[in-house]
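I opened this model to look up a few side-chain contacts. My notes follow the order in which I checked them.

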Amino acid sequence: MLVWGGQNRRTAGRKKIIVLWCVISILCLCVWNKASEVGIPEYVESVSNVSGIFEAEYISPDSVSVTFPSKKRNLIVIYMESMETTYASVEAGGGKQVNYIPELTRLAGEHISFSNCGGLGGAAGAAETGWTMGGLFASATGVPYKLPVDGNNAGEYENFAPGLMGIGEVLLENGYKNYFMCGSEAAFGGRKAFYEQHGDYCVLDYSSAKAVGIIPEDYHVFWGMEDEKLYTFAKQKLTEIAEQDEPFNFMMLTVDTHPADGYICGLCNEVYESPYENVLACASRQVGEFVDWAGRQEWYENTTIVITGDHLSMKADFWDDIGDYERKIYNCFINLPNGISKEHIANREFSILDMFPTMLAAVGADIEGNRLALGTNLFSGVRTLPEQMGFKEFNNELKLYSNYYYMNFIVGDKLQI
């Protein structure tokens, strides 16, 4: 009887162990599925595989000579929210049956637009640059946004990538006054902190527009104010800036084309079926009118204008009709100084990181080696890193953890959060 009881207890014990292991296995499976949903396996892989691209390829802007002409050119950069060449018609070189951006395609044809093909094209969407602050950051510094904080919470940084040097610092050191303007609250996403700390920019935003009477105190639409008001503010400010005896760098960010459906303003025409199509057409028309206005100003002769998308659009339901068209970010360089080569504008593989040295070259700066950060001056014959490595390998490197990036750019002199 005692023997039988002992065997019974051992059998019951084994059953409990089996049940326990089944429960643990189920819990582990549930945890793994949930982790997969939020990207934890990919994150673990990214930090366990370390990138060496910065050690091998990063060119610090203070390690090479950047020389400006004696008469410095002004720079205006218009970042257009989610602007792609895809929005143009197939006939114009885009991916759509209708050309929703005729003014932008006209400007690209009349001026300089770097392309991945022989016609209308643009920059590839690189890793860690696919949202507004990511695109602004990458185009200004030549490196991807890899700060250890969600991109839209970066305003919490007291020191925003203190070890990093970008276009703002280069221009400031060469006598430029820097400005950044947007139609929303500039603090969102860390934009205000970034621009103020990297080039001592005068930051102008939705609140600034209220302060000077561009909009009423109680005005608020979409993200703050629409692009119609932004362009009015920009014209007013540029007129004031041009009266000062110093070269300027004026960067502005539009917002009306922000997904999901953009913002229908009083200038939009109801020509197309969907609101977003009408918003795209309106955005193209407004930037075309702004460039025309700039061309009539006394300061235009000595001013280069750059129009670029900040990133590929995040709108999910707009691409069913483009087939295998390769979506690219729009760019256009207007009123360039004499002597800039137009030989290397087509059939290029590049990303928004290349905008950093290219924008400097667009105002006549001579860059030793034609490389800054991970970017390449596209006006030169120097091959970009995507052209040297292949875009897939280049993009994979940008995704990986980099101790060089963390220690040199994020920590820098000190890191406080």
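These entries cover cysteines, aromatic pairs, charges over rings and one helix.

**Entry 1, cysteines.** I note that the model is predicted. I looked for disulfides and counted zero. I then checked the accessibility of two cysteines. Cys 332 is buried, at 0% relative accessible area. Cys 202 comes out at 25% and counts as partly exposed, because the buried class ends under 20%.

**Entry 2, aromatic pairs.** How many aromatic pairs are there? I get 36. I picked out one between Tyr 58 and Tyr 404, with ring centres 6.2 Å apart. Their planes meet at 55°, so I logged the pair as tilted. Tyr 58 is in the loop between α3 (53-57) and β1 (66-67), while Tyr 404 belongs to helix α14 (residues 403-411). The two parts are 346 residues apart in sequence, so this pair ties distant stretches of chain together. Is Tyr 58 buried or exposed? At 11% relative accessibility, Tyr 58 is buried. Tyr 404 reaches 24% and is partly exposed.

**Entry 3, another tyrosine pair.** Next I took Tyr 87 and Tyr 276, which form an edge-to-face pair. I read 6.3 Å from centre to centre and 75° between the planes. Tyr 87 sits in the loop between β2 (74-80) and α4 (102-110), and Tyr 276 in helix α10 (residues 275-295). The pair therefore ties together parts 189 residues apart in sequence. Tyr 87 is buried, with a relative accessible area of 0%. Tyr 276 is buried as well, at 1%.

**Entry 4, a cluster.** I also found rings joined in one aromatic cluster. Its members are Trp 131, Phe 137, Tyr 145, Phe 160, Phe 180, Phe 194, Tyr 195 and Tyr 201.

**Entry 5, charges over rings.** Which residue lies over the face of Phe 318? I find Lys 96 there, 3.7 Å from the ring centre. For Trp 319, I find the charged end of Arg 327 over the ring, at 3.8 Å from its centre.

**Entry 6, helix α5.** I went through helix α5 (residues 132-141) for burial and found 10 of the 10 residues buried. The helix is therefore largely enclosed by the rest of the structure. Among its buried residues are Met 133, Leu 136 and Phe 137. Phe 137 is also a member of the aromatic cluster in Entry 4. Gly 134 and Gly 135 are on the buried list too. Gly 142 follows α5, and I noted its positive phi, near 75°.

Methods: Residues are numbered from 1 along each chain as its sequence is written. This is a predicted model: local features need pLDDT of at least 70, side-chain atom pairs count only at pLDDT 80 or more; totals for chains, interfaces and linings use all residues. Side-chain values use heavy atoms; hydrogens and water are left out. A disulfide is a pair of cysteine sulfur atoms within 2.5 Å. Buried means under 20% relative accessible area, exposed over 50%, partly exposed in between (1.4 Å probe, protein chains only). Rings of Phe, Tyr and Trp (its six-membered ring) pair if their centres lie within 6.5 Å; planes under 30 degrees apart count as stacked, over 60 as edge-to-face and the rest as tilted. Helices (H or I, at least four residues) and strands (E, at least two) are DSSP runs, numbered from the N terminus. A charge sits over a ring if NZ of Lys or CZ of Arg is within 6 Å of the ring centre and within 35 degrees of the ring normal.
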